[in-house]
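Dear colleague,

I am passing on to you the structure we spoke about, with the sequence alongside, and I would be glad if you kept it open while reading the notes that follow.

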Amino acid sequence: MKSTFFALSALVALVSSAPAPLALIARAPPNIPTTSEAKSQLAAIRVAAQGSQTGYSRDLFPHWSAQSGTCNTRETVLRRDGTSVVTDSACAATSGRWYSPFDGAVWYAASDVDIDHMVPLSNAWKSGAASWTTSRRQAFANDLSNPQLIAVTDNVNQEKGDQGPEAWKPPLTSYYCTYAKMWIKVKYVYYLTITSAEKSALTSMVNTCSA
């Protein structure tokens, strides 16, 4: 009886001393505007019909550029948006956890995560980027200073494709507010145009914001 008591006491002590699991943190890209800022920015963006897809190629937007050491843009965002991310000598993520704010899914392998361009490259091409220099398109495709890049579920990102918010919205309606504010910020910063349908969708999404 006494030995059983001591064994149970030891087990309780072992469990009590074990470190608590790290909480999964929902990261956010930088420089997401406030609701009032987003509304002001949306009002300032020029409304125009979408341009032609003619001449577009992803290769015209050099992406996943080198950032620091062996890390490229994709790897940098994976580390920024993940929790407890471990990388190898080539900066490839070997373990970690990623919360996808588009759909609320949690992933444990980097291969299940895509880095979404908030404003897709093709959409940018049709709203002003066709006239940019290659260096400006490269800066856009690798922008870590604005809310243009975010780690999300790969299948959800592929479903989004190059569609604007008038045609595609994230599965989680609770993310409409943040999504719209990020989209508006990027279009505003890069002087890209929006269509009337796009503006209407963004206005409705921003109106879901609590403040």
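A question to begin with: does Cys 177 count as buried or exposed, and at what relative accessibility? Please bear in mind throughout that this is a predicted model, and that what I describe was computed from it. Cys 177 counts as buried, because its relative accessibility is 14% and the cut-off for that class is under 20%. The reasoning for Cys 209 runs along similar lines, since a relative accessibility of 13% puts Cys 209 in the buried class.

These two cysteines are bonded to each other: Cys 177 and Cys 209 form a disulfide in which the sulfur atoms lie 2.0 Å apart, and with 105° about the S-S bond the link is right-handed. The pair connects distant parts of the chain, given that Cys 177 sits in helix 7 (residues 176-189) while Cys 209 belongs to the segment after helix 8 (196-206), the two being 32 residues apart.

The count of disulfides comes to two, and the other one joins Cys 71 to Cys 91, with an S to S distance of 1.9 Å. The torsion about the S-S bond of Cys 71 and Cys 91 is about 85°, which is why this disulfide is right-handed. Here, too, distant parts of the chain are linked, with Cys 71 in strand 2 (residues 71-72) and Cys 91 in the loop between strand 3 (82-87) and strand 4 (93-99), 20 residues apart. Both Cys 71 and Cys 91 are buried. If the bonded cysteines of the chain are numbered in sequence order, the pairing reads 1-2, 3-4.

Cys 91 also leads into the strands. Strand 3 and strand 4 form a hairpin with five residues between them, and Cys 91, in the turn, has a positive phi of about 75°. The two strands run antiparallel and are joined by four bridges; within this pairing, Gly 82 stands opposite Trp 98 in strand 4.

Strand 4 is in turn joined to strand 5 (residues 106-107) by two bridges, and this pair also runs antiparallel. Trp 98 takes part here as well, its bridge partner in strand 5 being Trp 107. Strand 4 and strand 5 make a hairpin that has six residues between the strands, in which Gly 104 takes a positive phi near 80°.

With best wishes

Conventions
Residues are numbered from 1 along each chain as its sequence is written. This is a predicted model: local features need pLDDT of at least 70, side-chain atom pairs count only at pLDDT 80 or more; totals for chains, interfaces and linings use all residues. Side-chain values use heavy atoms; hydrogens and water are left out. A disulfide is a pair of cysteine sulfur atoms within 2.5 Å. Buried means under 20% relative accessible area, exposed over 50%, partly exposed in between (1.4 Å probe, protein chains only). Two strands pair if DSSP finds at least two bridges between them.
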